[in-house]
Amino acid sequence: MEQIDARGQACPLPVVRAKKALTAMGEGTLEVLVDNETAVHNLEALAKTLKLSATSDERGEAEFAVTFAKGAAVAAGAEADGAEAAEACPAATAAPAGSDVVVIASEFMGSGDDELGAVLMKGFVFALTQLDELPATVLLYNGGVKLACAGSASLDDLKALAEAGVEIMSCGTCLNHYGLADQLGVGEVTNMYVIVEKQANARGIIRP
(Lines give C-alpha, C1' and ligand atoms only; values in the text may rest on other atoms or scores of the structure.)
Protein backbone atom coordinates (compact mmCIF):
# COMPACT_ATOMS: atom_id res chain seq x y z
CA MET A 1 0.00 0.00 0.00
CA GLU A 2 1.21 3.47 -0.92
CA GLN A 3 0.44 6.34 1.44
CA ILE A 4 0.22 10.12 1.05
CA ASP A 5 0.11 12.33 4.12
CA ALA A 6 -1.82 15.40 2.98
CA ARG A 7 -2.77 16.62 6.44
CA GLY A 8 -2.42 20.36 6.72
CA GLN A 9 -2.37 20.83 2.95
CA ALA A 10 -4.88 23.20 1.40
CA CYS A 11 -7.19 22.40 -1.50
CA PRO A 12 -6.47 21.27 -4.15
CA LEU A 13 -3.16 19.66 -3.11
CA PRO A 14 -4.65 16.43 -1.65
CA VAL A 15 -6.58 15.79 -4.88
CA VAL A 16 -3.64 16.71 -7.12
CA ARG A 17 -1.23 14.45 -5.22
CA ALA A 18 -3.69 11.57 -5.15
CA LYS A 19 -4.43 11.83 -8.87
CA LYS A 20 -0.72 11.87 -9.76
CA ALA A 21 -0.04 8.84 -7.56
CA LEU A 22 -2.99 6.91 -8.97
CA THR A 23 -1.93 7.71 -12.54
CA ALA A 24 1.59 6.48 -11.84
CA MET A 25 0.65 3.25 -10.10
CA GLY A 26 -0.36 0.17 -12.03
CA GLU A 27 -2.50 -1.61 -9.48
CA GLY A 28 -2.81 -1.80 -5.72
CA THR A 29 -4.05 0.52 -3.00
CA LEU A 30 -3.35 4.13 -2.13
CA GLU A 31 -4.13 5.65 1.26
CA VAL A 32 -4.45 9.42 1.57
CA LEU A 33 -4.47 11.04 5.01
CA VAL A 34 -6.29 14.37 5.38
CA ASP A 35 -7.48 16.50 8.28
CA ASN A 36 -10.96 17.67 7.22
CA GLU A 37 -14.19 16.27 5.80
CA THR A 38 -14.16 18.57 2.77
CA ALA A 39 -10.92 16.94 1.63
CA VAL A 40 -12.52 13.52 2.16
CA HIS A 41 -15.46 14.48 -0.06
CA ASN A 42 -13.11 15.84 -2.73
CA LEU A 43 -11.11 12.59 -2.76
CA GLU A 44 -14.29 10.51 -2.94
CA ALA A 45 -15.40 12.60 -5.90
CA LEU A 46 -12.04 11.93 -7.56
CA ALA A 47 -12.58 8.19 -7.09
CA LYS A 48 -15.99 8.40 -8.76
CA THR A 49 -14.55 10.37 -11.66
CA LEU A 50 -11.76 7.83 -12.16
CA LYS A 51 -14.21 4.94 -11.61
CA LEU A 52 -12.13 3.55 -8.77
CA SER A 53 -13.17 1.99 -5.50
CA ALA A 54 -12.60 4.17 -2.44
CA THR A 55 -13.41 3.91 1.25
CA SER A 56 -12.99 6.48 3.99
CA ASP A 57 -12.77 6.33 7.75
CA GLU A 58 -12.22 8.73 10.63
CA ARG A 59 -9.21 7.74 12.70
CA GLY A 60 -9.18 10.46 15.29
CA GLU A 61 -9.73 14.13 15.85
CA ALA A 62 -9.05 15.91 12.55
CA GLU A 63 -7.62 12.76 10.98
CA PHE A 64 -9.28 10.93 8.11
CA ALA A 65 -8.05 8.29 5.67
CA VAL A 66 -9.32 7.71 2.14
CA THR A 67 -8.18 4.44 0.57
CA PHE A 68 -8.27 3.94 -3.19
CA ALA A 69 -8.10 0.50 -4.82
CA LYS A 70 -6.88 0.13 -8.40
CA GLY A 71 -6.41 -2.75 -10.84
CA ALA A 72 -6.35 -6.25 -9.43
CA ALA A 73 -7.34 -4.88 -6.03
CA VAL A 74 -10.79 -4.21 -7.40
CA ALA A 75 -11.04 -6.96 -9.99
CA ALA A 76 -13.95 -8.56 -8.17
CA GLY A 77 -17.03 -6.46 -8.70
CA ALA A 78 -15.23 -3.85 -10.75
CA GLU A 79 -17.99 -3.70 -13.33
CA ALA A 80 -20.64 -3.07 -10.70
CA ASP A 81 -18.50 -0.48 -8.99
CA GLY A 82 -17.94 1.33 -12.28
CA ALA A 83 -21.68 1.43 -12.94
CA GLU A 84 -22.32 2.83 -9.46
CA ALA A 85 -19.65 5.47 -9.94
CA ALA A 86 -21.06 6.50 -13.29
CA GLU A 87 -24.53 6.86 -11.77
CA ALA A 88 -23.21 8.91 -8.85
CA CYS A 89 -21.05 11.12 -11.05
CA PRO A 90 -22.38 10.98 -14.64
CA ALA A 91 -20.10 13.67 -16.02
CA ALA A 92 -16.33 13.43 -16.35
CA THR A 93 -14.14 15.82 -14.39
CA ALA A 94 -13.37 17.83 -17.52
CA ALA A 95 -16.21 19.56 -19.32
CA PRO A 96 -17.40 17.63 -22.38
CA ALA A 97 -15.85 18.78 -25.65
CA GLY A 98 -17.84 21.54 -27.30
CA SER A 99 -19.46 22.78 -24.08
CA ASP A 100 -19.47 26.07 -22.22
CA VAL A 101 -18.67 26.65 -18.57
CA VAL A 102 -20.19 29.49 -16.55
CA VAL A 103 -17.92 30.97 -13.87
CA ILE A 104 -19.49 33.02 -11.07
CA ALA A 105 -17.15 34.50 -8.48
CA SER A 106 -19.53 36.81 -6.63
CA GLU A 107 -23.13 37.07 -5.49
CA PHE A 108 -23.22 40.44 -7.29
CA MET A 109 -22.90 41.24 -10.99
CA GLY A 110 -20.55 44.10 -11.67
CA SER A 111 -19.42 46.73 -9.19
CA GLY A 112 -20.69 50.09 -7.99
CA ASP A 113 -23.87 49.20 -6.13
CA ASP A 114 -24.40 45.85 -4.44
CA GLU A 115 -28.19 46.16 -4.42
CA LEU A 116 -28.19 46.65 -8.17
CA GLY A 117 -25.53 43.96 -8.53
CA ALA A 118 -27.75 41.44 -6.73
CA VAL A 119 -30.66 42.22 -9.05
CA LEU A 120 -28.44 41.89 -12.11
CA MET A 121 -27.04 38.56 -10.89
CA LYS A 122 -30.52 37.16 -10.33
CA GLY A 123 -31.38 38.16 -13.90
CA PHE A 124 -28.16 36.65 -15.22
CA VAL A 125 -28.75 33.24 -13.61
CA PHE A 126 -32.37 33.23 -14.79
CA ALA A 127 -31.21 34.08 -18.32
CA LEU A 128 -28.99 30.99 -18.26
CA THR A 129 -32.10 28.84 -17.86
CA GLN A 130 -33.54 30.36 -21.03
CA LEU A 131 -30.62 29.64 -23.35
CA ASP A 132 -31.30 27.37 -26.32
CA GLU A 133 -28.06 25.54 -25.53
CA LEU A 134 -27.46 25.22 -21.80
CA PRO A 135 -23.93 25.31 -20.41
CA ALA A 136 -22.34 22.06 -19.27
CA THR A 137 -21.26 23.41 -15.89
CA VAL A 138 -21.75 26.35 -13.55
CA LEU A 139 -18.72 26.91 -11.30
CA LEU A 140 -19.28 28.93 -8.13
CA TYR A 141 -16.44 30.21 -5.96
CA ASN A 142 -15.72 32.99 -3.46
CA GLY A 143 -18.98 34.90 -2.88
CA GLY A 144 -20.57 33.11 -5.81
CA VAL A 145 -21.18 30.02 -3.65
CA LYS A 146 -23.84 31.97 -1.76
CA LEU A 147 -26.07 31.72 -4.82
CA ALA A 148 -26.34 27.95 -4.38
CA CYS A 149 -27.21 28.10 -0.68
CA ALA A 150 -30.46 28.28 1.27
CA GLY A 151 -32.12 31.68 1.04
CA SER A 152 -30.56 32.64 -2.28
CA ALA A 153 -32.82 34.41 -4.77
CA SER A 154 -31.15 32.36 -7.52
CA LEU A 155 -31.49 28.95 -5.86
CA ASP A 156 -34.60 27.91 -7.79
CA ASP A 157 -33.02 28.86 -11.12
CA LEU A 158 -29.87 26.89 -10.28
CA LYS A 159 -32.05 23.93 -9.33
CA ALA A 160 -33.81 24.21 -12.70
CA LEU A 161 -30.43 24.11 -14.44
CA ALA A 162 -29.39 21.08 -12.39
CA GLU A 163 -32.63 19.27 -13.26
CA ALA A 164 -31.87 19.97 -16.93
CA GLY A 165 -28.50 18.23 -16.60
CA VAL A 166 -26.19 21.17 -15.89
CA GLU A 167 -23.46 20.55 -13.30
CA ILE A 168 -23.62 23.02 -10.43
CA MET A 169 -20.32 22.96 -8.57
CA SER A 170 -19.41 25.05 -5.51
CA CYS A 171 -15.93 25.52 -4.07
CA GLY A 172 -15.67 23.63 -0.78
CA THR A 173 -13.02 25.96 0.65
CA CYS A 174 -15.30 28.93 -0.07
CA LEU A 175 -18.35 27.30 1.53
CA ASN A 176 -16.30 26.62 4.66
CA HIS A 177 -14.94 30.17 4.71
CA TYR A 178 -18.45 31.64 4.70
CA GLY A 179 -19.81 29.02 7.13
CA LEU A 180 -22.21 27.68 4.49
CA ALA A 181 -21.05 24.06 4.18
CA ASP A 182 -24.33 22.77 5.64
CA GLN A 183 -26.54 25.16 3.67
CA LEU A 184 -25.72 24.10 0.11
CA GLY A 185 -29.05 23.75 -1.64
CA VAL A 186 -28.09 22.47 -5.08
CA GLY A 187 -25.23 20.74 -6.85
CA GLU A 188 -22.04 19.39 -5.38
CA VAL A 189 -18.94 20.53 -3.54
CA THR A 190 -15.77 20.72 -5.61
CA ASN A 191 -12.14 21.79 -5.32
CA MET A 192 -9.73 24.14 -7.07
CA TYR A 193 -8.19 21.40 -9.23
CA VAL A 194 -11.59 20.63 -10.76
CA ILE A 195 -12.42 24.33 -11.12
CA VAL A 196 -9.23 24.85 -13.15
CA GLU A 197 -9.64 21.64 -15.17
CA LYS A 198 -13.24 22.45 -16.11
CA GLN A 199 -12.21 25.83 -17.48
CA ALA A 200 -9.16 24.43 -19.27
CA ASN A 201 -11.34 21.95 -21.18
CA ALA A 202 -14.30 24.22 -21.89
CA ARG A 203 -15.29 25.34 -25.37
CA GLY A 204 -15.97 28.79 -23.94
CA ILE A 205 -16.17 30.47 -20.54
CA ILE A 206 -19.10 32.71 -19.66
CA ARG A 207 -18.72 35.26 -16.87
CA PRO A 208 -21.35 37.69 -15.56
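Q: In which helix does E37 lie?
A: The structure discussed here is a predicted model. The helix that spans residues 37-50 includes E37. Over its length, this helix lies across β2, β3 and β4, running at about 5 degrees to β4. The helix that holds E37 is α2.

Q: Is E37 buried, partly exposed or exposed?
A: The relative accessibility of E37 is 48%. A residue is called buried under 20% and exposed over 50%, with partly exposed in between. At 48%, E37 therefore counts as partly exposed.

Q: How far apart in space are E37 and E63, C-alpha to C-alpha?
A: In sequence, E37 and E63 are 26 residues apart. E37 belongs to α2, and α2 lies across β2, β3 and β4. The C-alpha to C-alpha distance between E37 and E63 is 9.1 Å.

Q: Which strands stand at the edges of the four-strand sheet?
A: The four strands form an open sheet with mixed pairing, in the order β1-β2-β4-β3. An edge strand has a single partner strand, so one side of it is left without a neighbour in the sheet. The twist in this sheet averages 20 degrees from one strand to the next. The strands at its edges are β1 and β3 (53-60).

Q: How many bridges join β2 to β4?
A: Strand β4 covers residues 63-70 and runs antiparallel to β2. Within this pair, T29 stands opposite A69 in β4. The number of bridges that join β2 to β4 is seven.

Q: What is the handedness of the crossover from β1 through α1 to β2?
A: Strands β1 (residues 2-5) and β2 (residues 28-34) run parallel and are joined by four bridges. One residue pairing between them sets Q3 opposite E31 in β2. The chain passes from β1 to β2 by way of α1, and this β-α-β crossover is right-handed.

Q: What is the strand order of the five-strand sheet?
A: This open sheet has parallel pairing. Its edge strands are β8 and β9, each of which pairs on one side only. The twist averages 30 degrees from one strand to the next. The strand order is β8-β7-β6-β5-β9.

Q: Which residue in β6 does I104 stand opposite?
A: Strands β5 and β6 run parallel and are joined by four bridges. I104 and its opposite residue are both named among those with the most contacts inside the 29-residue nonpolar core. The residue in β6 that I104 stands opposite is L140.

Q: Which residues of β7 point the other way from E167, M169 and C171?
A: In a regular strand, side chains alternate between the two faces of the sheet. β7 is mostly covered, with five of its five residues buried. E167, M169 and C171 share one direction, and the residues that point the other way are I168 and S170.

Q: Which residue in β8 is the bridge partner of M169?
A: Three bridges join β7 to β8, and the two strands run parallel. The chain crosses from β7 through α6 to β8 in a right-handed β-α-β crossover. The bridge partner of M169 in β8 is E188.

Q: With which residues is L158 in contact, leaving aside its neighbours within four places in sequence?
A: L158 has a place among the residues with the most contacts inside the largest nonpolar core, which has 29 residues. Elements that each supply at least two residues of this core include β6, α5 and β7. β6, α5 and β7 also make a right-handed β-α-β unit. Beyond its sequence neighbours, L158 is in contact with V125, V138, L140, L147, A148, I168 and V186.

Q: Which residue caps the N-terminal end of α7?
A: Helix α7 comprises residues 192-200, and its buried residues are V194, I195, E197, K198 and Q199. These buried residues pack against α1 (13-24), β5 (100-104), β6 (137-140), β7 (167-171), β8 (188-190) and β9 (204-206). At the N-terminal end, a side-chain oxygen of the capping residue lies 3.0 Å from the backbone nitrogen of Y193. The capping residue is N191.

Definitions and conventions:
Residues numbered from 1 in each chain as written. Predicted model: local features only at pLDDT ≥ 70, side-chain atom pairs only at ≥ 80, totals over all residues. Heavy atoms only, no water. Buried < 20%, exposed > 50% of the residue type's maximum accessible area, 1.4 Å probe, protein only. Contact = heavy atoms within 4.5 Å. Polar contact = N/O pair within 3.5 Å; in protein donor to acceptor, adjacent residues only side chain to side chain. Core = buried A, V, L, I, M, F, W, Y, C linked by side-chain atoms within 4.5 Å. Pairing = 2+ DSSP bridges. Axes fitted to C-alpha atoms, helices over the stretch in contact; angles between N-to-C directions. Right-handed = clockwise from strand over helix to strand, strands pointing away.
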